[in-house]
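Please open the model in a viewer and keep the sequence panel at hand. The tour below proceeds from one selection to the next and states what is to be found at each stop.

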Amino acid sequence: MLVSQSLPANASADAGASAQERALLERRARLLGPTYRAFYRNPIHLVRGSGVWLYDAQGRKFLDAYNNVASIGHCHPRVVEALSGQAATLNTHTRYLSEIILDYAEKLLGMLPAHLGHAMFTCTGSEANDLAIRIAQHSSGGTGVIITDFAYHGATIATAQLSPAAVGAKGVPAQHRTVAAPDTFRDRGRAARDFARNVAAAIEDMRAQNIRPAALLLDSAFSSDGIFFPDAAAMREAADHVRRAGCIVIADEVQSGFGRLGQGMWGFANYGIEPDIVTMGKPIGDGHPMGAVIVRPQLVASFGSNTGYFNTFGGNPVAAAVGIAVLDVIEGEGLIENARNVGAYTGELLRALQSRHGMVADVRHNGLYFGVELTAEGDETLAATKTAAVVEAMREDGVLISSCGPRGNVLKIRPPLPFARDNAEQLAETLDRALSQW
């Protein structure tokens, strides 16, 4: 999603930018064109990362409270060692036999429900969702996919068309259906209570238009929709409607997986849902380009024999070594427990700000994933402007966050999993100062 503070490649930084930064922006515009975007009014020239910290070219450090790509922390020594060691030994593809790929698949599958028996590896979350859609359509015989109305699921043709946050509602093809996200804040949570009913209505609407439904594609944290954690019963009921219609439940765990929500490894487990397919990306490799599709074996029996699947770098030995290291660190360093405990403490600090600042309308969190909704007395445009200004103020004060939601008025806070209590205190103090400017 192009968040509110993103700048196109040909944008100019304000007077606070250094000459070097202005030169880099001009070079980006000349070489990369207008599609690439940089965060913040004064884009940061990063040169180094370590743990929860990022460092710019002048040596200033920034607390990273946004990047889940580096899920276990920037440049984790275990990951760097695994990557460099395997790269110095062998890197090829899955059409040769390799023990390390199987070791990784076995370890990853061991952390998922037993009904999910096959792993298929990709290079990105977009590729993972694309492959999951292909499998679901092949298995179900349908074409229609249900998504939430401001979801983001990837950058391929298929996944971009299922990403209203990127292409807008008009960019979603006619065979698919959008439903309102389970908003737990507005209308006293009616959208959350009606979520299952809306999914059922979408299925019936497809059928009325002679469209055979194929799947529900679900981000467990509703990350682009504004970050919501609805009641588990409503989510299970939605999954039941999908199954009764002969459709596939796909859990997109790119943002909510790998311990992010603090209750276990996977966001879908918070709802008691048993998905047919689970997709992963970003955090799976702590910054190394990796993704995966985990699937019920019966769904790929026909797909595999009729279509097959090959991805040159999906599941390569270096990626497998990195993946194993990430899983070892999550377990060995107790990062799920840390997400739960530090997440709860951070949530308390953020809720305390709600009593100090009237513009903080709602604080939603689960583990180390937070959505802080800002308001402006019913003026959505002003609320979005305030949100962007808060993000910019925090950047200037040394803390990196972002924004999300269809109105652009939700602060998106999603730090690496080693985030500590003192990091949470710095985050809250910096946010307090930023909010005090209004």
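Which residue in strand 5 does W53 stand opposite? With W53 selected, the residue across from it in strand 5 is L63. The model under inspection is a predicted one.

**The open sheet**

Extend the selection from W53 to strand 4, residues 53–56, and add strand 5, residues 61–64. These two strands pair in the antiparallel sense over 3 bridges. They belong to an open sheet of 4 strands, whose order is 3-4-5-15 and whose pairing is mixed. Strand 3 (46–50) and strand 15 (399–400) each have a single partner strand and stand at the edges, so one side of each is left without a neighbour in the sheet.

**The nonpolar cores**

Next, select L108 and M280. Within the largest nonpolar core, which has 73 residues, these two are the ones with the most contacts. Helix 11 (residues 317–332) supplies the largest share of this core, namely 10 residues. Displaying the surroundings of M280 shows what it touches beyond four places in sequence: among them are L108, L112, V254, F258, W266 and I294. T124, G125, A128, G291 and A292 are also touched by M280. Another core, of 31 residues, lies apart from this one, and A196, M206, I227 and F228 are among its members. As a general background, nonpolar side chains in soluble globular proteins tend to be buried together.

**Helix 9 and A238**

Move to helix 9, residues 232–244, and pick A238 within it. Is A238 buried or exposed? Its relative accessible area is 1%, so A238 is buried. Leaving aside neighbours within four places in sequence, A238 is in contact with F195, A196 and V199. For a distance check, draw a line from the C-alpha of A238 to that of L350: the two are 31 Å apart in space and 112 residues apart in sequence.

**Two residues with positive phi**

Select I227, in the loop between strand 9 (213–219) and helix 9. Its phi is near 70 degrees, a positive value in a residue other than glycine. I227 has a relative accessible area of 0% and is therefore buried. D187 should be selected next, in the loop between strand 8 (177–179) and helix 7 (190–193). The phi of D187 is near 50 degrees, again a positive value in a residue other than glycine. D187 has 63% relative accessibility and therefore counts as exposed. In general, most residues other than glycine have a negative phi.

**Salt bridges**

How many salt bridges are counted in the model? The count comes to 17. Begin with R186 and D183, whose side chains meet at 2.9 Å, N to O. D183 counts as buried, because its relative accessibility is 9%. Widen the selection to D362, R364 and E373, which are linked with D183 and R186 in a network of salt bridges.

Now select D194 and R197, which form a salt bridge with their closest N and O atoms 3.8 Å apart. D194 is buried, with a relative accessible area of 14%, whereas R197 is exposed at 58%.

The next pair is D397 and R433, whose side chains meet in a salt bridge at 2.7 Å, N to O. This pair links distant parts of the chain, 36 residues apart: D397 is in the loop between helix 13 (380–396) and strand 15, and R433 is in helix 14 (residues 421–436). D397 counts as partly exposed at 31% relative accessibility, and R433 counts as partly exposed at 44%.

**H357 and its polar contact**

Select H357, in the loop between helix 12 (335–356) and strand 13 (360–365). Which side chain makes a polar contact with the side chain of H357? The side chain of D432 does, at 2.5 Å. H357 is also in contact with L435 and S436. At 9% relative accessibility, H357 counts as buried.

**The cysteines**

The last stop is a pair of cysteines, C75 and C404. C75 counts as exposed, at 52% relative accessibility, while C404 counts as buried, at 1%. The count of disulfides in the model comes to 0.

Terms used:
Residues numbered from 1 in each chain as written. Predicted model: local features only at pLDDT ≥ 70, side-chain atom pairs only at ≥ 80, totals over all residues. Heavy atoms only, no water. Pairing = 2+ DSSP bridges. Core = buried A, V, L, I, M, F, W, Y, C linked by side-chain atoms within 4.5 Å. Buried < 20%, exposed > 50% of the residue type's maximum accessible area, 1.4 Å probe, protein only. Contact = heavy atoms within 4.5 Å. Disulfide = S-S within 2.5 Å. Polar contact = N/O pair within 3.5 Å; in protein donor to acceptor, adjacent residues only side chain to side chain. Salt bridge = Lys/Arg side-chain N within 4 Å of Asp/Glu carboxyl O.
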